[in-house]
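Trainee: I would like to go through this structure piece by piece. Where should we begin?

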Amino acid sequence: MAKTDTSKRLNELRMKHGRPPASPSEPKAEKPDTLREAQPRFRGLESGHRACQGCGEALAARLVMESAGPDVMVANATGCLEVFTTPWPQSAWRVPWIHSLFENSAAVASGMEAAMKAKGKNTKILSFGGDGATYDIGFQSLSGMLERHHNVLYVTYDNEAYMNTGIQRSSSTPHAATTTTSPAGKERMGKRHLKKDLLSIIAAHHIPYAASASVAYPQDLQRKVRYAMGVEGPTFLVIHSPCPLGWRHDSALTIEVARRAVQCGLFPLVELERGALTNIMPIREPRPVRDYLELQGRFAHLFNEKDYRAQEELDHLQALADHNMDIYGLRGDGLDPVDSTGMSHVRRGGPLMEGR
Amino acid sequence: MREALEGSLAIARAVALTKPDVVAAYPITPQTHIVENISKLVADGDMHTEFVSVESEFSAASVVLGAAAAGARAYTASASQGILLMSEVMFNIAGLRVPLVMTIANRAVGGPLSIWNDQSDSMAVRDAGWIQLHCISNQEAVDTTIQAFRIAQETDLPVAVCMDGFVLTHTMEVIDIPSQDEVDAFLPPFEFAGALDTANPRSMGTLVDPNYFPEVRHSHHAAMGKALAKIEEIDEAFAEVIGRASGGLLTVDGPKKAKVGIIAMGSVVGTMMAGREHYGGEVGEARIVKLRSYRPFPAKALRAAVKGLDKVIVIDRAISPGMGGVLGTEVSAVLSTLDKAPKVFNYALGLGGRDIPETMYRDLLTTIEAKDAPRFAVFDADLEKLPPEDR
């Protein structure tokens, strides 16, 4: 692919987000000599915590914290992230961090933000929750926080079930997935209902910025965090974060599973400003949903060829993915360097560089 | 300055004098006038605070938790169902030892629906780990509210100031509102050593396993014990600056030689005092113990207060169905260690806003003279209104 295409598209993005285009004469940052130097300077979430091998949420939280920078405070809902990072007397957080309850992290964050305002401080408040804390039990306090226009970045780590309590279905669990409370059986093909379209509900609050991201696309994810950090007002990010234990896939396949979710259209990566769609990550060659589903044990019952219902559910899920393709216009039209294929090849240290 | 003010407006002005950084609230009868008046003070520029008008009491409590945890002086107010909706957060606020202040405009808890006054709401959160102070008048409520902010930050405990809904919140009374200079002299700026701070990042509300949890609870209980002295000390300090005390942990009023005592919390204490004035000659003058600090419970002071009494009437403004009175049960437990413990008669009165007239004093004292006087009753229930099988 031609290099000019890359720069052009990246410059477009820079303009869109209020950053001047990179000047060709701009001195390039020196290549780091060691892996250690290549690490980001600030890590709000340290290693050594107790997340499972291949945990998508731990990776997502680290990426968010790297981009959010040190002048932040975190209000964290109850859930895996809270539990695996803070078994007393240890903590993996290098920023002020508070956990209160399951359903109030957005309200606690509202209070922290009000405190910063009252004290004339600029510290940005981040609010973290899983999909259970966000789509379900904490939904009201999230809506209130957005409506009152608090200067808070709310991040939901979406692993599509209550993983901390042992894989129970949430309103974010995809249709037909098995969980311990939506098992497949003679009478049921996993979860009977659809995954809640949370982003549309968030968009209806007409907040300055809302986006979806995926751990499979860290550069895209971090760009979205950086953009949200610069916005004065409520911003929202949902990050697709595979859970090897709950989704029943190999721990080494977290990124691949997340990537396929995007590439099949089941988890579209989009950006919304004031409720209007302003950007999408195009899909170069849409994959069939089967490619995504077959890696995960939670969909194993859909691959039972003797069960006529299995094909019906596969068709249903394919239709849901196709619907996303249509409503968000996800089909790419060429070799876009920042589409769902191009971005997978972007390496740390710069786009599309050969070598390291 | 002395002015005739509605209780709620007086509370709003008192809160303004403490200069809170953040106020969060959700409307509920009979607390509404407090937050309406605070909103108006903010709108008129007479109070500089981040007023967060939330979407539920659950969020109101969560917002003040977050604000205080981030180092801000924070205040909220609620009642009844609102307190119950807050209850999960209330336990959390106290468990995390976050100092903040709330007014509870006491109201019955449904169902069936009742918007009127009793103390079922604050009783329901008795074990949340908050300091709970009860007021008998609007003057006391004003003074106690101001004191509460200092108690909270000197104990690292949240403080609930309980005032009877309607009976106090909606009643005009001549009240002396302290001046800003006086309040400034009494109440230092907010300080919370445990606050979140980017210069010194700490994690708050972590997962605590069985190796540490009993120690957390012990230290909380110990802090409540230490708060007993603080509450008295701060009431004295308030009296020094403003010239008026609110009654420390409890106050004893009445003849030393009295053989009958009445123990109560809230506005009913005032009713009993008025009743004694009118009917004391007829049924005798009781010693009235006004309990101000319900949590921490002043066991030692209470044992001293009942010295010489043969009988004690404990008035409950709430009920624990299947047990009886809540305060009465606790008083019995506390007095049981005395060699000559007075006999405890525990009566629930005025549930769901049933009027408590001054004649109640006479009726109570007359009732306990009978040999078969019940040790517990919903005293003013008219059983004729119930079908026979429910009596």
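Mentor: Start with chain B, and keep in mind that this is a predicted model. The C-alpha centres of domain 1 of chain B and domain 2 of chain B lie 27 Å apart. Those domains cover residues 2–242 and 250–390 of chain B.

Trainee: How many residues does each domain of chain B give to the contact between them?
Mentor: The domains in question are domain 1 (2–242) and domain 2 (250–390) of chain B. The contact takes residues from both: 27 from domain 1 of chain B and 20 from domain 2 of chain B.

Trainee: Which element supplies the largest share of the side of domain 1 of chain B that touches domain 2 of chain B?
Mentor: Helix H5 (120–124), strand S6 (131–134), strand S7 (159–164) and helix H8 (213–242) of chain B each supply at least two residues of that side. By class, that side of domain 1 of chain B has 15 nonpolar, 9 polar and 3 charged residues. The largest share is 5 residues, and it comes from H8(B).

Trainee: Turning to the contact between the chains, which element of chain A supplies the largest share of the side that touches chain B?
Mentor: The contact takes 36 residues from chain A and 36 residues from chain B. On the chain A side, strand S1 (72–76), helix H4 (80–85), strand S2 (97–99), helix H5 (105–119) and helix H7 (139–147) each supply at least two residues. The largest share, 12 residues, comes from H5(A).

Trainee: How many residues of the side of chain A that touches chain B are nonpolar, polar and charged?
Mentor: That side of chain A consists of 36 residues. By class they are 19 nonpolar, 11 polar and 6 charged.

Trainee: Which residue of S9(B) stands opposite Trp97(A)?
Mentor: S2(A) pairs with strand S9 (residues 203–204) of chain B in the parallel sense, over 2 bridges. Within S9(B), the residue opposite Trp97(A) is Ser203(B).

Trainee: Which are the edge strands of the open sheet of 9 strands?
Mentor: The order is S8(A)-S7(A)-S5(A)-S6(A)-S4(A)-S3(A)-S1(A)-S2(A)-S9(B), with mixed pairing. An edge strand here pairs on one side only, and that applies to strand S8 (276–280) of chain A and S9 of chain B.

Trainee: What is the bridge partner of Ser127(A) in S4(A)?
Mentor: Strand S3 (residues 124–130) of chain A and strand S4 (residues 152–158) of chain A run parallel and are joined by 6 bridges. In S4(A), the partner of Ser127(A) is Tyr154(A).

Trainee: What angle does helix H9 (residues 218–230) of chain A make with S5(A)?
Mentor: H5(A) lies across S1, S2, S3 and S4 of chain A, at about 175 degrees to S3(A). H9(A) also packs on the sheet, touching S3, S4, strand S5 (209–214), strand S6 (235–240) and strand S7 (270–273) of chain A. Its direction relative to that of S5(A) is about 160 degrees.

Trainee: Why is H3(A) described as largely enclosed by the rest of the structure?
Mentor: Helix H3 (residues 56–68) of chain A has 13 residues, which should span 18 Å at 1.5 Å a residue, and its end C-alpha atoms are indeed 18 Å apart. Its buried residues include Glu57(A), Arg62(A) and Met65(A). Just after the helix, Gly69(A) takes a positive phi of about 80 degrees. H3(A) is largely enclosed because its buried residues number 12 of the 13.

Trainee: Which residue of S13(B) is the bridge partner of Gln132(B)?
Mentor: An open sheet of 7 strands in chain B has the order S3-S2-S4-S5-S7-S6-S13, with mixed pairing. Its edge strands are S3 and strand S13 (293–295) of chain B. S6(B) and S13(B) run antiparallel and are joined by 2 bridges. In S13(B), the partner of Gln132(B) is Arg295(B).

Trainee: What angle does the direction of H2(B) make with that of S3(B)?
Mentor: The buried residues of H2(B) are His33(B), Ile34(B), Val35(B), Asn37(B), Ile38(B) and Leu41(B). What covers them includes strand S1 (2–6) and helix H1 (7–17) of chain B. H2(B) packs on the sheet, touching S2, S3, S4 and S5 of chain B. Its direction makes an angle with that of S3(B) of about 135 degrees.

Technical notes: Residues are numbered from 1 along each chain as its sequence is written. Chains are lettered from A and ligands numbered from 1 in the order in which they are written. This is a predicted model: local features need pLDDT of at least 70, side-chain atom pairs count only at pLDDT 80 or more; totals for chains, interfaces and linings use all residues. Domain bounds come from an automatic or database domain assignment. Two residues are in contact if their C-beta atoms, placed from the backbone, lie within 7 Å. Helices (H or I, at least four residues) and strands (E, at least two) are DSSP runs, numbered from the N terminus. Ala, Val, Leu, Ile, Met, Phe, Trp, Tyr, Cys and Pro count as nonpolar, Asp, Glu, Lys and Arg as charged, and the others, Gly among them, as polar. Two strands pair if DSSP finds at least two bridges between them. A residue is buried if 20 or more other C-beta atoms lie within 10 Å of its own, exposed if 12 or fewer, and partly exposed in between; C-beta atoms are placed from the backbone. Axes are lines fitted to C-alpha atoms, for helices over the stretch in contact, and angles run from 0 to 180 degrees between N-to-C directions. The expected span of a helix is 1.5 Å times one less than its number of residues.
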